[in-house]
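Thanks for taking a look at this one with me. Here are some notes to read with the structure open beside you, set out as numbered points.

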Amino acid sequence: MTKIALITGITGQDGAYLAEYLLEKGYEVHGIKRRASLFNTDRVDHLYQDPHVTGRRFILHYGDMTDSTNLIRIVQAVQPDEIYNLAAQSHVAVSFETPEYTADSVALGPLRLLEAIRILGLERKTRFYQASTSEMFGKVAETPQRETTPFYPRSPYGAAKLYAYWITVNYREAYGIHACNGILFNHESPIRGETFVTRKITRAMARISLGLQDCLYLGNLSAKRDWGHARDYVRMMWLMLQQDEPDDYVVATGRQYTVRHVVELAAEATGIHLRWEGSGAQEKGIDTNTGETLVAVDPRYFRPTEVETLLGDPTKAREKLGWEPRITLEDMVQEMIAADLADARRDDLCRKEGFRILNHHE
Ligand code: NDP
Ligand code: GDR
């Protein structure tokens with residue numbers, strides 16, 4: 001029997017990797033995409049199947065996490081064996097600007113899906129994965145953070161995800177739904193959103209190395225994160241839902257670096273060597289060859305409350321599910337730089353041939 005999965009947030013980084021992974025495993029994959037005025041399916045266009053052919057295994061539905069009528073209808077039509085709830089306003093800094101919408105989509109969205117499972121009587125059939133986050137640890141109570149570490153979120157996003165975490169636990173305990181929280185630490189890839197710090201860095205370093213951009217402006221260079229690769233992490237999402245007993249797991253590499261270190265790795269991958277001068281808002285990364293300032297701090301990117309340090313302990317995932325990350329930060333940055341250099345070379349060619357490229361990314 002072909003298994004059926006429903007992925008919310010399928011147009012995002014993790015949704016795209018997970019859809020690929022499940023299709024390879026023979027699943028029929030349904031995804032929810034939002035209506036937008038421009039195409040927003042770039043990350044999954046290679047998976048598209050013509051609706052006129054029979055035996056399609058990749059099907060998209062219009063929907064939104066803020067519309068429970070729509071979610072109930074989709075769950076009813078799809079009758080999924082597994083729901084992966086990845087949809088979210090996922091940017092921490094943006095959550096300070098749009099706190100109410102963030103709470104609606106991030107906290108109430110999963111509640112709506114869990115209620116859909118109940119309303120439709122699918123408690124015994126449909127397994128549920130919730131995309132929980134290391135941001136729930138926020139101001140950390142212990143290092144490294146594990147499943148038992150107390151939570152202390154530091155943003156509207158983190159607070160909303162905390163509600164989603166607990167409502168997932170509650171529906172598991174109250175109604176016997178096979179519902180799991182993956183507490184994932186930061187994970188990146190060449191298709192990471194361009195305003196998250198790793199991708200912002202690799203994209204900018206690629207463009208700087210080709211003369212398309214002068215300087216990269218960042219916020220807190222000393223923030224420390226445990227960065228893994230999205231391709232490794234979606235494997236864990238699937239593994240969690242294959243277990244007899246639902247449970248919650250930390251997914252992390254167990255290694256931690258500063259934002260500054262990622263800048264250095266990305267610069268070196270493009271042949272640039274940096275030295276650092278100054279501190280705090282005055283800190284600068286200077287090209288050792290030319291003496292030019294290539295990296296500067298812009299306090300605009302500081303957050304009202306910051307999560308200074310996160311480091312995960314993936315022991316439970318390793319011991320119970322046999323999961324280990326395979327891709328190192330160094331290899332991931334190389335892969336991201338290679339992809340961003342290819343994009344930058346295309347832009348450079350257009351520029352040289354007389355087309356104007358609008359640089360609308362920050
Ligand atoms: P992205 O920001 O790349 O993708 C988010 C997805 O959610 C997109 O498909 C987006 O659609 C969709 N979405 C946003 N708002 C709504 C809405 N109101 N209704 C329906 N869909 C919506 O995130 P990632 O892939 O990086 O992350 C996936 C999940 O995992 C998120 O929940 C995130 O919070 C969580 N997470 C991520 C981590 C990471 O390091 N990447 C770590 C821990 C947790 P559109 O394309 O139209 O914008
Ligand atoms: P994060 O990721 O907030 O951890 O959330 P992000 O890459 O945005 O920030 C990581 C750290 O880098 C610092 N930083 C900057 N961040 C951004 N975006 N832009 C900058 O210019 C910049 N300069 C420094 C940040 O202050 C922070 O300390 C991500 C998201 O994917 C969430 O959805 C997910 O839950 C968590 O990871 C785990």
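1. Let's begin with a pair of facing residues: E277 stands opposite K284 in β14. The model is a predicted one, so please read each point below as a description of a prediction. The strands behind this pair are β13 (residues 274-277) and β14 (residues 284-287), which run antiparallel to each other and are joined over four bridges. Six residues lie between the two strands of this hairpin, and G278 there takes a positive phi near 75 degrees.

2. What does β14 pair with besides β13? Strand β15 (residues 293-297) is its partner, again in the antiparallel sense, over three bridges. K284 turns up here too, since it stands opposite A296 in β15. These strands make a hairpin with five residues between them, and in the turn G291 has a positive phi of about 80 degrees. As a reminder for browsing this region, side chains in a regular strand alternate between the two faces of the sheet.

3. Now find helix α8 (residues 259-269), where V262, V263, E264, L265, A266, A267 and A269 are buried. Note that the buried set includes a glutamate, E264. Which elements cover these residues? Among them are the three strands you have just visited, β13, β14 and β15, along with α6, β12 (257-258) and α10 (329-352). Just after α8 comes G271, with a positive phi of about 85 degrees.

4. Stepping back, the protein is divided into domain 1, covering 4-184, and domain 2, made of the segments 197-224, 257-307 and 328-352. Their C-alpha centres lie 31 Å apart. In the contact between them, seven residues of domain 1 meet five residues of domain 2. The side of domain 1 that touches domain 2 has three nonpolar, two polar and two charged residues.

5. Where does ligand 2 sit with respect to the two domains? Both domain 1 and domain 2 give residues to its shell, so ligand 2 lies between them. The ligand is surrounded by 22 residues, and the closest are S90, T133, V197, G219 and A223. Two of the helices to look for are α3 (92-97) and α6 (197-209), each supplying at least two residues of the shell. By type, the shell around ligand 2 holds 10 nonpolar, seven polar and five charged residues.

6. V197 deserves a closer look, being one of the closest residues to ligand 2. V197 is found in helix α6. Is V197 buried or exposed? V197 has 22 other C-beta atoms within 10 Å, and it takes 20 or more to count as buried, so V197 is buried. If you would like a distance to check on screen, V197 and R43 are 154 residues apart in sequence and 19 Å apart in space, C-alpha to C-alpha.

7. Ligand 1 has 26 residues around it, and G9, G12, A87, A88 and A131 come nearest. The elements giving two or more residues to this shell are α1 and β5 (127-133). Of these, α1 gives the most, with three residues. The shell around ligand 1 divides into eight nonpolar, 15 polar and three charged residues.

8. That brings us to helix α1 itself, residues 13-24. Do its ends lie where a helix would put them, or elsewhere? At 1.5 Å a residue, its 12 residues should span 16 Å, and the end C-alpha atoms are 17 Å apart, which agrees. The buried residues in α1 are Q13, D14, G15, A16, Y17, L18, A19 and L22. They pack against β1 (4-8), β2 (28-33), β4 (82-85) and α7 (230-241). Just after the helix, G26 takes a positive phi of about 95 degrees.

9. Finally, have a look at W238, whose place is in helix α7. Which residues does W238 touch, leaving aside neighbours within four places in sequence? They are Y21 and L22, and L22 is among the buried residues of α1. W238 has 17 other C-beta atoms within 10 Å, which makes this tryptophan partly exposed. For another distance to try, the C-alpha atoms of W238 and T149 are separated by 24 Å, with their places 89 residues apart along the chain.

Conventions: Residues are numbered from 1 along each chain as its sequence is written. Chains are lettered from A and ligands numbered from 1 in the order in which they are written. This is a predicted model: local features need pLDDT of at least 70, side-chain atom pairs count only at pLDDT 80 or more; totals for chains, interfaces and linings use all residues. A residue is near a molecule or strand if its C-beta atom, placed from the backbone, lies within 6 Å of it. Ala, Val, Leu, Ile, Met, Phe, Trp, Tyr, Cys and Pro count as nonpolar, Asp, Glu, Lys and Arg as charged, and the others, Gly among them, as polar. Domain bounds come from an automatic or database domain assignment. The expected span of a helix is 1.5 Å times one less than its number of residues. A residue is buried if 20 or more other C-beta atoms lie within 10 Å of its own, exposed if 12 or fewer, and partly exposed in between; C-beta atoms are placed from the backbone. Two residues are in contact if their C-beta atoms, placed from the backbone, lie within 7 Å. Two strands pair if DSSP finds at least two bridges between them.
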